[in-house]
Each structure stands twice: as C-alpha cells, then as structure tokens.
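Welcome, and thanks for taking a look. Below is a short tour of some features worth finding in the viewer, from a pocket to a sheet.

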Amino acid sequence: TNPGFVVRISQAGLDYAHLQGITILEKELTHVKLPDISGDFRIRHVGKVHYEFSRLDLRAFHLPYSRISLVPNVGLQVSIANAFADVDGNWRVKIHFLRDHGSFEVSVENVYIKINLKLGNDAAGKPTVGTSSCSTRISKVRVHFSGRLGWLYNLFHSAIESRFRKILEGKVCDIVAKSVHSDLQPYIQTLPVTANIDAIAGVDYSLVEPPTATAQSLDVAMKGECYSLAQRSAVPFAPLPLTLPSDHDRMVYFAASSYFFNTASFAYHEAGALVFEITDSMIPKTIDFHLNTTTFSAFIPQLEQMYPDMKMKLRLSAPSAPFLSIGPGGLSLKPVVDIQAYAILPNSSLAPLFLINLVSNVSAVINVISGHIIGNLNVGR
C-alpha cells in the first residue's frame, strides 16, 4: 500500500545522529560482556601450550573515528577506525606438566571494524535489523601477564599477542552479530507503531515496506493512518502515491499526504466529534452581537413573535467527513456544515428554529519565505 507519511534521512542527518550518539556508544561498549577464550597453540622450543582467558573486562573502548553511512539496497554501514581498548582478565596456562594462573592486561590498538546493517520490517510494520556482513582488523595487541610465572610467559609475548589478535578478530564480529540479534533487534521491537492523538483518535505509523537506502538518503515509508480509539473501522478510500523531491541538502525531510488528514477527518466524524455548539456566553463581550431571537428576528421576523427575547444555541455538525485535496495549486477543502438553531426555553429545553445547510469552498496556497511558512486562504460559499 502507499504510505501516508514518508521520512527521509540524509547523510547529514545520519552524521548528526552519530555525533549525538557516539559518547553514549562508548559508555555502552564498556558494558559488553566478552566471552571466555580457550585453545591451544605451539611455541618453538617449548611445545604445545593450552590457555584459558576468563572474566574478561572491557575497561575502556575509545572511538576516535567512526561513521554511519548509507549502503544502497541494504541499509546502513557502521565503520570504526583507529579504535583502541583495554581489557583485563584472568589467565590459566598448561605447558606439559606445568600449570599456572594469574591475571593479565591487554591493550588493543588500531581496531578497524565494518558492519553492514540490513534494515527491514515485519508483518506488524515494526522495523527489523540484522547484520548482513562484518569484517574486523586489529593492527596491534600488547599483552602483559602477572602472576608467579608471569615473567616466563612475557618472554613469549610476540607469539601470544599474535594469537590473541587473531582470536579477537574472530570474536568481534560474533559479538557484534549477537548484540544486534539479542539486544538491538529486541529493543526496536519494543518501539510503538501507534500513538494516541487525544481521547478520541490515534495514529498508526507502522512501516508499509522496508526502509529504502540509496547513496544519498534513507526513506522510511509509514502508514500514516488515523483511526478511532473506540472502534477501528476500514477506511473507505486508499492512499495516493507519495513521493519526495530529489533533495538531500537538509538532514531530515518529512512528507504527509492528504490520506493522513482525511483519515483523521474520517475518524473524528465516525466518533461523532465533529459537532460543535455555540451559545451566547461564548461570544466575546467586546463584540456587539448577542445570540438570541431578538437579534435573528431581523432576518426571520417570526422568531420574535414565537419566542420573544430568548437566548439561542447553534449546533454545527458535519453530515459527512470533510475531504482535503493536495495538489500543485495548494490545498482545497469543501466542507458541508449543518447549522441547527435552537431557542433555549425557560425550562432549559430546546425548541428547534431553523436549519441551514452550508457548503464552503476553502483553498489555500502555502509558501516558505525566509524560513517561515506563509499561506493565503480563500473561503467561498
């Protein structure tokens, strides 16, 4: 189906979001739980070494350069370069009959990571995200062992550091994929796709298709449908195609079609909310006009004879939902309004006086001048 809303996020918008989020990301990365590592390798003149690294604690993770960019037909790419981290943990080593354990410190430098995030939507219109590809490269790892025989293992630091670098390179993408699947995806599944406008109506902004990524922007097409909270019924009209101009200079673009406004009109009409009452007490005191039979007898002389000097009430209602059209020439609306007039009797009951059926033609031309929205409104009957 065609969307009622479209949000376009340009590369400039992604850059701004990245700038705001990078500090939070660095803090959150320190809470990432690293898995225990174990395995075997050989050291020349020593032989087979079995190792275990446990209770790994990522004390710091710094991202001096990172970027979120667009990947056409996929979604987003997160690139990290020249990152560095400090890791603490416990080690346990077995060499032939010799066993030992202690603590260690690892300094990881010049970390390069590229992650492609595939964006989509599920049957409920909620966004989905997954890793479509991931690559990691670590240029330098420094390991320092502490313990009874820590000095011995520090002699073989080059072999151990090389092994540790390969282990980390293999683990990073696994950790990223698991975090996206176990943390990010469940989180975005909790994001609502509906919201209440007021006590009468709500709006549905679920995704009608996967987000579309190009080299310049990310377009998110949403349902943009208003509905009655009391009882949601099918809308008797379909959304028209909605496209955005090929503009990418701003950070965010937002488009709303007439479908959104007309579903709002339909929802409020179905809920009986398009009924308004006007009484004399609502007219400002500064206006020399009173809502009573004496005033209206100038137009209908019989009123003063039948209901002399009685206050009146006007009830405005729409027999059908007003329909808004949006075109190159601007906005146009042709509302039909029934105006029922009543006389308020001494016992507070209402006596119907007359009914006016009013058909109006409302059009508006909207422009943006110096950053301000300027509109010209024309009303005809």
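Which element gives the most to the lining of the second largest pocket? The answer is β20, with five residues. Please keep in mind throughout that this is a predicted model.

**The second largest pocket**

The space in this pocket comes to about 400 Å³. Its lining is made up of 12 residues, and those nearest the centre are A256, I326, L331, I366 and I373. Two or more lining residues come from each of β16 (324–327), β17 (330–333) and β20 (361–369). In character, the lining of the second largest pocket has 10 nonpolar residues, two polar ones and no charged ones. If you want to see what such a calculation does, the idea is simple: rolling a probe the size of a water molecule over the atoms reveals where empty space remains.

**The open sheet around β1**

Next, have a look at an open sheet of four strands, ordered β10-β11-β1-β13 and paired antiparallel. At its edges are β10 (212–213) and β13 (252–256), each of which pairs on one side only. Strand β1 (residues 5–10) is joined to β13 by five bridges, and to β11 (residues 217–222) by six; both pairings are antiparallel.

What stands opposite R8 in each neighbouring strand? In β13 R8 faces Y253, while in β11 R8 stands opposite D219. For V7, the bridge partner in β13 is F254. Strand β1 is largely enclosed by the rest of the structure, because five of its six residues are buried.

**Helix α1 and the β4–β5 hairpin**

Helix α1 (residues 11–29) holds H18. Is H18 buried or exposed? With a relative accessible area of 18%, H18 is buried, because the cut-off for that class is under 20%. The side chain of H18 makes a polar contact with the side chain of S66, at 2.7 Å.

The strands β4 (residues 65–71) and β5 (residues 75–95) run antiparallel and are joined by seven bridges. Within this pairing, Y65 of β4 stands opposite A81 in β5. The hairpin has three residues between its strands, and N73 takes a positive phi near 65 degrees there.

**The disulfide and the cysteines**

How many disulfides does the model contain? The count comes to one, and the disulfide joins C134 to C173, with an S to S distance of 2.1 Å. The link of C134 and C173 is left-handed, with -80 degrees about the S-S bond. C134 lies in strand β7 (residues 127–147) and C173 in helix α3 (residues 157–189), so the disulfide ties together parts that are 39 residues apart in sequence.

The table gives the accessibility of these two cysteines, with C226 added.

| Residue | Relative accessible area | Class |
|---|---|---|
| C134 | 30% | partly exposed |
| C173 | 16% | buried |
| C226 | 3% | buried |

Why does C173 count as buried? Its relative accessibility is 16%, and the class needs a value under 20%, so C173 falls within it. C134, with 30%, is partly exposed. The disulfide therefore links a partly exposed cysteine, C134, to a buried one, C173.

Conventions: Residues numbered from 1 in each chain as written. Predicted model: local features only at pLDDT ≥ 70, side-chain atom pairs only at ≥ 80, totals over all residues. Heavy atoms only, no water. Pairing = 2+ DSSP bridges. 1 Å grid on protein atoms, 1.4 Å probe; cavity = no way out; pocket = protein on both sides within 12 Å on 5 of 7 lines; lining within 4 Å. Points joined across faces, edges and corners; volume = space filled by probe spheres on them. Nonpolar A, V, L, I, M, F, W, Y, C, P; charged D, E, K, R; others polar. Disulfide = S-S within 2.5 Å. Buried < 20%, exposed > 50% of the residue type's maximum accessible area, 1.4 Å probe, protein only. Polar contact = N/O pair within 3.5 Å; in protein donor to acceptor, adjacent residues only side chain to side chain.
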